[in-house]
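Biologist: I'm new to this one, could you walk me through a few spots?
Modeller: Gladly, let me bring it up first.
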Amino acid sequence: METVLVYGLISSVTFVLMSVGFSLVYGVSRVPNFAHGSIYVLVGFVTWSCINDLHISYGLAIGISLVVASVVGMALYRLVLIRLRGMPTSEIIASFACGLIILEGLRLQGIGGFKGFIGPNYFLKPLFEGKIQVLGVFVDYQRLMVVATGAVLVAILWLFTHHTKIGLSLRAIAQDEQAALMLGINSNRAGMASMAIGSALAGLAAIIILPLGNITVEAGYHVLIYALAVCIIGGLGSWSGTVLASFLVGFAVKLSTFFFGALWESVVLVGTIILVLLLKPSGLLGRQKELEERV
Amino acid sequence: MAAQDRRKKRLDRSIKVRSEGLYSLSSWREMTYLLAPRLLLIGGLLVSPLLLDLYWQKVLCAAGIMAVLAMGFDFLAAYVGLVCLGGAMFIGFGGYAAGLLNAHLGLPPLLTIPLAAVIGACVSTVVLMPCLRLRGVYFAIVTFMLPLFATHIIIALELFGSTEGITGLDILPNPWWEQYVIVLTLLCVLFALRRLVTEDVGLIMMGIKDNDQAVLASGISIFKYRVLAVFVAALTGCFVGAYQAHLYGWLGLSLFAMDFSILPIAATVMGGMGTLSGAVIGALILTPLSEALRGFGQLRVVLYCSILLLFILYKPEGLMNYFERKYHQFERWEKV
């Protein structure tokens with residue numbers, strides 16, 4: 001039972017890390033960023049390349065890849081999404097297409113000496129080796145770091161959105177775009193900032209979570225699905241909902257693993273989504289624009 | 001003439017204005033003008049199985065499957081406002097239903113295909129029902145997740161042959177059946193959907209897309225019409241899914257592959273959203289193109305996505321609307 005408690009907490013925080021970037025972007029600019037998962041994987045591979053091809057130190061590689069992530073996010077907004085604002089269908093399709101181009105592009109082989117990231121050789125080494133006993137359960141330091149980073153991140157994000165000028169302007173755009181425009185907040189700049197921050201958050205999640213396993217292209221799809229599932233359950237665009245839903249899903253998944261076996265994970269996820277959509281269609285805490293979303 | 005001295009004058013051909021009424025029946029010339037593009041598509045599709053060699057006949061079947069899926073996507077996205085990112089789900093449900101009916105009950109393909117279409121459509125509709133009360137993004141997200149989850153669930157519970165799939169299903173009687181079933185399905189779906197969207201039902205659906213509050217205020221149940229629309233789209237998708245299972249005599253997890261979700265979307269955007277026939281043209285262009293690139297593996301997906309992105313950014317009207325405009329208008333330069 002302690003195993004469920006400890007690992008449930010860890011996987012909940014993993015879900016928070018994966019989905020908070022998506023939730024932030026959707027909450028601010030109403031852009032469903034379907035390229036979220038591919039930025040996650042991209043950061044993994046950029047970090048790997050920096051370390052193994054360019055022989056840069058781990059810390060610097062992380063810095064470089066986070067910068068790459070936010071530049072990619074900004075470029076996505078500036079070059080693609082900005083032309084499609086206000087057309088949800090096109091926004092979804094275009095960001096999905098961008099995500100697929102990045103993800104499947106990473107698999108390409110043999111063009112211009114590019115080798116394609118296929119095979120089990122791609123992994124990042126954990127920042128800290130070793131294990132420790134918590135509540136009688138062995139946990140390695142990397143997993144503890146996931147929890148610590150998640151907690152710090154949520155705190156920083158809360159401070160950022162409530163006490164800094166950019167954060168407040170992002171919230172203003174999310175709440176009422178017209179009024180925010182009248183107060184001199186540039187909605188395009190806010191959108192770009194949100195995409196940059198959201199992508200950097202996806203990248204951060206990648207750097208913290210990927211050392212627990214291999215880097216694969218498929219992870220991009222999985223991260224995107226988990227992020228989407230958590231955001232739907234918590235209510236799209238609601239940050240506290242995202243955190244709450246992460247814990248719900250994290251513990252539900254670990255409990256089902258404990259009682260039925262690891263393979264039931266996705267059954268539980270689908271079940272939770274459908275149940276939540278049936279009982280409370282706008283998600284657990286999806287109060288924002290509830291009336292307009294729900295018909 | 002310098003650029004500032006001239007402008008392009010566009011005039012609608014008068015037949016276009018009159019084609020709504022009986023006038024179009026007044027002369028052979030006008031009837032030909034209206035019928036030529038339609039007959040070109042119908043005739044071309046009916047004749048092509050006779051002209052192609054064995055390999056390209058298979059490609060035609062694949063293109064037909066994609067075209068029907070693309071029309072389903074176009075119908076849902078452009079006429080009902082539901083963006084479905086998981087066309088693979090329809091293929092998967094239809095294919096699995098047909099395969100199971102065939103493998104376990106021993107029904108012949110010509111019976112399993114329609115049965116599987118109905119069963120698959122019912123299942124898809126029930127699965128999608130919870131998110132139909134919400135607008136836009138939710139539907140896109142849930143439809144995107146479902147095919148991926150479906151594969152997870154099939155692996156997890158070891159259902160239906162798990163990762164191996166089921167092989168040795170009955171195939172269709174002979175190659176002509178294979179070709180003509182899909183070609184006729186394509187044409188029927190195309191003209192049926194075109195008819196459907198101009199009927200009262202279609203009008204209500206477009207109303208739901210444009211302003212659901214107003215439709216609600218008119219005392220019409222949005223939910224009911226959305227369910228109906230999803231059922232129609234799922235029916236076409238599951239039909240071709242079942243057809244595909246019998247075409248290759250095999251079913252497996254690759255029925256839920258990403259290709260079936262993304263290629264129809266690319267085809268629709270390329271052909272022009274909301275034209276239905278554009279979706280067919282897009283699929284008939286993209287599928288052979290991707291077939292030609294089969295050697296490059298995943299490059300295909302990158303290719304569709306790039307085409308999709310370029311069209312959505314720089315030519316959002318799509319090929320069909322463009323050609324339609326050229327066909328229906330005179331254009332000439334005129335001195336200012």
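Modeller: Before we begin, the axes I will mention are lines fitted to C-alpha atoms, for helices over the stretch in contact, and the angles run from 0 to 180 degrees between N-to-C directions. Please also keep in mind that this is a predicted model.
Biologist: OK, so at what angle do α12 and α14 of chain B pack?
Modeller: Helix α12 of chain B, residues 277-292, packs against helix α14 of chain B, residues 318-328, at an angle of about 115 degrees, and their axes are 8 Å apart. The crossing of α12(B) past α14(B) is right-handed.
Biologist: Which residues of α12(B) and α14(B) meet there?
Modeller: From α12(B) come B:S277, B:G278 and B:I281, and they meet B:G318, B:L319 and B:M320 of α14(B). Sorted by class, this contact has 3 nonpolar residues and 3 polar ones, with no charged residues.
Biologist: Switching to chain A, is A:R143 buried or exposed?
Modeller: A:R143, which lies in helix α5 of chain A, residues 141-163, counts as buried because it has 25 C-beta neighbours inside 10 Å, where 20 or more are needed.
Biologist: What does A:R143 touch, leaving aside its neighbours within four places in sequence?
Modeller: A:R143 is then in contact with A:I10 and A:L212. Although A:L212 is 69 residues away from A:R143 in sequence, their C-alpha atoms are 7.8 Å apart in space.
Biologist: And where does B:L159 sit?
Modeller: B:L159 is in the loop of chain B that runs between α6 (137-157) and β2 (166-167), and B:L159 counts as exposed because it has 12 C-beta neighbours inside 10 Å.

Technical notes
Residues are numbered from 1 along each chain as its sequence is written. Chains are lettered from A and ligands numbered from 1 in the order in which they are written. This is a predicted model: local features need pLDDT of at least 70, side-chain atom pairs count only at pLDDT 80 or more; totals for chains, interfaces and linings use all residues. Helices (H or I, at least four residues) and strands (E, at least two) are DSSP runs, numbered from the N terminus. A crossing is left-handed if the near helix is turned anticlockwise from the far one by less than a right angle, and right-handed if clockwise. Two residues are in contact if their C-beta atoms, placed from the backbone, lie within 7 Å. Ala, Val, Leu, Ile, Met, Phe, Trp, Tyr, Cys and Pro count as nonpolar, Asp, Glu, Lys and Arg as charged, and the others, Gly among them, as polar.
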